[in-house]
Amino acid sequence: QGESTQFLPRPLYDMSMHEYQIVGRRKPTQGESTPIYRMRIFAHNEVVAKSRFWYFMNKLKKLKRGNGEILRFNEIFDTSPETIKNFQIALRYQSRTAQHNITKEFRALTRTSAVEQLLSDMAGRHRTTYRQIQIMEVKPVAVKDTVRANTQQFHDSKIKFPLPHRVLRAPSKRYATLFKAKRSSTHLG
């Protein structure tokens, strides 16, 4: 009854992206030191993040969960989530025919929201899923260093977002009618 809610697990419907830092190594044997590896993994939850860590360690260093250990596991949060930034993401993905290395740019408040945009974009444009994508680098870039026209179009200081078709609703339900004597004017400019 008096339990603290801060230690309860995340709900299953929380499918937003999180960024985790995982530090691991091969289990040391008698008298030999092993190198320590660190990865930043974007995943929906802790279980998927650890699974991706061991997947990449197996691919890159021939290190499996059975003969390895995780030294540190923590979630990374953005330092300034209230300012908009341009992110450049370098990634590798597996298509139906080959592996491709590409970079993409997104405008977002946090690194995780940029990765969410990336996954949505890659699913729509390239029909690839989260499992087929390997994110190598996510870095904020300055306005002058952006390359894509899709991100550069928002760098105008006098940018406007007009609302050309606004349908005025009745202030309360008792004034709402299905038919009006006068055609409604939706252009308010």
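The points below go through two sheets, the helices that pack on them, and two individual residues in a predicted model.

1. The sheet with β1, β2 and β3. Three strands make up an open sheet whose order is β2-β1-β3, with antiparallel pairing. Its edge strands are β2, covering residues 36–43, and β3, and each of these pairs on one side only. From one strand to the next the twist averages 25°.

2. Pairing of β1 with β2. Strand β1, which spans residues 18–26, is joined to β2 in the antiparallel sense over 8 bridges. As a reference for the register, H18 has A43 as its bridge partner in β2.

3. Helices on this sheet. Helix α1, made of residues 46–61, packs on the sheet and touches β1, β2 and β3, and its direction makes about 130° with that of β2. Helix α2, residues 111–126, also packs on the sheet, where it touches β1 and β2, and its direction makes about 65° with that of β2.

4. F73 in β3. This residue lies in strand β3, residues 68–76, and outside its neighbours within four places in sequence F73 is in contact with Y20, Q21, I22, E46, A49 and K50. For one of these, K50, the separation from F73 is 23 residues in sequence, while the C-alpha to C-alpha distance is 8.6 Å. Is F73 to be called buried, exposed or partly exposed? With a relative accessible area of 26%, F73 is partly exposed, because the buried class requires a value under 20% and the exposed class a value over 50%.

5. The sheet with β4, β5 and β6. A further open sheet is formed by 3 strands in the order β5-β4-β6, and its pairing is antiparallel. Here the edge strands are β5 and β6, the latter covering residues 133–141, and each pairs on one side only. Direction ignored, neighbouring strands of this sheet are turned by 20° against each other on average.

6. Pairing within that sheet. Strand β4, residues 85–94, and strand β5, residues 99–108, run antiparallel and are joined by 10 bridges, with a hairpin of 4 residues leading from β4 to β5. In this pair the register can be read from Q88, whose bridge partner in β5 is E105. On the β6 side, β4 and β6 pair in the antiparallel sense over 8 bridges, and N86 stands opposite V141 in β6.

7. Helix α2 and this sheet. The helix named in point 3 should be considered here as well, since α2 lies across β4, β5 and β6 and runs at about 130° to β5.

8. K85 in β4. I would ask the reader to look with care at K85, which is placed in strand β4. K85 is buried yet has no salt bridge, and D78, the nearest side chain of opposite charge, is 4.7 Å away; this distance does not qualify because a salt bridge requires a nitrogen to carboxyl oxygen separation within 4 Å. Which backbone oxygen does the side chain of K85 reach at 2.7 Å? That oxygen belongs to S80, and the side chain of K85 also reaches the backbone oxygen of L109, at 2.8 Å. Not counting residues up to four places away in sequence, K85 touches D78, S80, F106, R107, A108 and L109.

Note on methods. Residues are numbered from 1 along each chain as its sequence is written. This is a predicted model: local features need pLDDT of at least 70, side-chain atom pairs count only at pLDDT 80 or more; totals for chains, interfaces and linings use all residues. Side-chain values use heavy atoms; hydrogens and water are left out. Two strands pair if DSSP finds at least two bridges between them. Helices (H or I, at least four residues) and strands (E, at least two) are DSSP runs, numbered from the N terminus. Buried means under 20% relative accessible area, exposed over 50%, partly exposed in between (1.4 Å probe, protein chains only). Contact means heavy atoms within 4.5 Å. Axes are lines fitted to C-alpha atoms, for helices over the stretch in contact, and angles run from 0 to 180 degrees between N-to-C directions. Lys and Arg count as positive and Asp and Glu as negative; His and the chain ends are not counted. A polar contact is a pair of N or O atoms within 3.5 Å; within protein, one must be able to donate a hydrogen and the other to accept it, and residues adjacent in sequence count only if both atoms are side-chain atoms.
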